[in-house]
Amino acid sequence: MTEKVKKQILAVRDTGRTNMFDTNAVQRIALEMDFFELADFLETERKAYSRFILTGEG
């Protein structure tokens with residue numbers, strides 16, 4: 001996971017618009033915010049995304 005993706009995850013979280021485990025909503029918000037790297041990451045690396053949400057490690 002790149003630093004850019006981590007920053008994008010945190011930016012989506014900071015909006016407070018969704019539960020961060022609702023990956024479909026996170027992906028939709030990411031696209032609305034032009035966070036294409038995060039949207040792609042969610043397509044291929046959901047386990048790594050979940051691990052980051054749970055532990056902060058990525």
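**A tour around helices H2 and H3**

Begin by selecting Thr-23, Val-26, Gln-27, Ala-30 and Leu-31 in H2 together with Phe-36, Leu-38, Ala-39, Leu-42 and Glu-43 in H3, since these are the residues through which the two helices meet. Sorted by character, the residues of this contact comprise seven nonpolar, two polar and one charged. Bear in mind throughout that this is a predicted model.

With both helices still displayed, turn to their axes, which come within 8 Å of each other and cross at roughly 155°. Angles over 145 degrees count as roughly antiparallel, and H2 and H3 are therefore described as roughly antiparallel to each other. The crossing of this pair is left-handed.

Next, select the whole of H2, residues 23-32, and colour Thr-23, Ala-25, Val-26, Gln-27, Ile-29 and Ala-30, which are buried. If you then bring in the surroundings, what covers the buried residues of H2 includes helix H1 (3-15), helix H3 (36-44) and helix H4 (46-55). Before leaving this helix, step just past its end to Asp-34, which takes a positive phi of about 60°.

Finally, move to H1 and show Lys-4, Val-5, Gln-8, Ile-9 and Val-12, which meet Glu-37, Leu-38 and Phe-41 in H3. The residues of this contact of H1 with H3 divide into five nonpolar, one polar and two charged. Here the helix axes come within 9 Å and cross at roughly 95°, so that H1 and H3 are roughly perpendicular to each other.

Notes
Residues numbered from 1 in each chain as written. Predicted model: local features only at pLDDT ≥ 70, side-chain atom pairs only at ≥ 80, totals over all residues. Heavy atoms only, no water. Buried < 20%, exposed > 50% of the residue type's maximum accessible area, 1.4 Å probe, protein only. Helix = DSSP H or I, 4+ residues; strand = E, 2+ residues; numbered from the N terminus. Contact = heavy atoms within 4.5 Å. Axes fitted to C-alpha atoms, helices over the stretch in contact; angles between N-to-C directions. Parallel < 35°, antiparallel > 145°, perpendicular 65-115°, else oblique. Nonpolar A, V, L, I, M, F, W, Y, C, P; charged D, E, K, R; others polar. Left-handed = near helix turned anticlockwise from the far one by under 90°.
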